[in-house]
Amino acid sequence: MKKGTDISGIEQYFFQQPFEIAEKLQQIRQIIKEVAPEATESFSYQMPSFDFYGKLAYYAAFKEHYSVFVSPDVLQVFKEKLKNFSLSKSAIRIPSGQPVPDELLREIIAFTAQWNLEKKRTKDELKKKRS
């Protein structure tokens, strides 16, 4: 667990969910840890989340679905692959009775991690040029 992680908030959040939803949230958490092991886990906006050179993803449970939140730009990139899901500006809504879309989520998280890293590198290069 990385420094600064509010594990108690995350664990409490899982504990408050129905068992079958908590299992899905744990699966999402595990996928993100596997795909982006350097990411820092946190609890923000009353939801579990991960950071990797910026926000990587949030995830949360709702009454009839669970969601994974990523950048709206990332959702645009995956728009075609996400056509079977209900989407908001930054959320992928998955009906509670459906399994976690494991492979698609892995692809989205890997892409987002790389996207964030590239943005960081670009920002660093601009700083060097200004110095």
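User: What is the relative accessible area of Phe 62, and is this residue buried or exposed?

Analyst: Three classes are used here, each computed with a 1.4 Å probe on protein chains only: buried is under 20% relative accessible area, exposed is over 50%, and partly exposed lies in between. Phe 62 has a relative accessible area of 39%, so it is partly exposed. This is a predicted model, in which local features need pLDDT of at least 70 and side-chain atom pairs count only at pLDDT 80 or more, while totals for chains, interfaces and linings use all residues. Residues are numbered from 1 along each chain as its sequence is written, and side-chain values use heavy atoms, with hydrogens and water left out.

User: Which aromatic pairs should I look at, and how many does a search of the whole structure find?

Analyst: A pair of aromatic rings is described by the distance of the centres and the angle of the planes. Rings of Phe, Tyr and Trp (its six-membered ring) pair if their centres lie within 6.5 Å, and planes under 30 degrees apart count as stacked, over 60 as edge-to-face, the rest as tilted. The search of the whole structure finds 8 aromatic pairs. One of them is Phe 50 with Tyr 59, which is stacked at 6.4 Å centre to centre with 20° between the planes. Phe 50 is buried at a relative accessible area of 2%, and Tyr 59 is buried at 0%. The rings of Phe 62 and Phe 69 make an edge-to-face pair, because their planes stand at 65° with the centres 6.3 Å apart. In that pair Phe 62 is partly exposed, whereas Phe 69 is buried, with a relative accessible area of 17%. Ring pairs also link Phe 14, Phe 50 and Tyr 59 into a cluster.

User: Phe 69 belongs to strand S4. Why is S4 described as largely enclosed by the rest of the structure?

Analyst: In a regular strand the side chains alternate between the two faces of the sheet. Strands (E, at least two residues) and helices (H or I, at least four) are DSSP runs, numbered from the N terminus. S4 covers residues 65–69, and 5 of its 5 residues are buried, so the strand is largely enclosed by the rest of the structure. Both of its faces are covered, with His 65, Ser 67 and Phe 69 buried on one side and Tyr 66 and Val 68 buried on the other.

User: Which strands are joined to S4 by bridges?

Analyst: Two strands pair if DSSP finds at least two bridges between them. Strand S3 (residues 55–61) is joined to S4 by 4 bridges and runs antiparallel to it, with a hairpin of 3 residues as the connection. Within this pairing, Ala 60 has Ser 67 as its bridge partner in S4. S4 also runs antiparallel to S6, through 5 bridges, and there the partner of Val 68 is Ile 92.

User: What lines the largest cavity?

Analyst: Rolling a probe the size of a water molecule over the atoms shows where empty space is left. A cavity here is a set of points, on a 1 Å grid over the protein atoms alone, where a 1.4 Å probe fits but cannot get out, and lining residues have an atom within 4 Å of a point. Grid points are joined across faces, edges and corners, and the volume is the space filled by probe spheres set on the points. The whole structure has 1 cavity of 30 Å³ or more, and its volume is about 60 Å³. Val 68, Leu 82, Phe 85, Ile 92, Ile 94, Pro 101, Leu 104, Leu 105 and Ile 108 line this largest cavity. The elements giving two or more residues to that lining are strand S6 (91–95) and helix H4 (102–130), of which H4 gives the most, with 3 residues. If Ala, Val, Leu, Ile, Met, Phe, Trp, Tyr, Cys and Pro count as nonpolar, Asp, Glu, Lys and Arg as charged, and the others, Gly among them, as polar, the lining has 9 nonpolar, no polar and no charged residues.

User: Which residues have a positive phi although they are not glycines?

Analyst: Gln 46, in the loop between strand S1 (40–44) and strand S2 (47–51), has a positive phi of about 60° and is exposed at 61%. Tyr 53, in the loop between S2 and S3, has a positive phi of about 50° and is partly exposed at 45%.

User: What is the mean pLDDT of the protein chain?

Analyst: pLDDT is the predictor's confidence in each residue, from 0 to 100. The chain has a mean of 91, and 94% of its residues reach 70 or more. Among the elements, S4 has the highest mean (98) and helix H1 (residues 7–15) the lowest (85).

Key
On a 1 Å grid over the protein atoms alone, a cavity is a set of points where a 1.4 Å probe fits but cannot get out, and a pocket is an open set with protein on both sides within 12 Å along at least five of seven lines; lining residues have an atom within 4 Å of a point.
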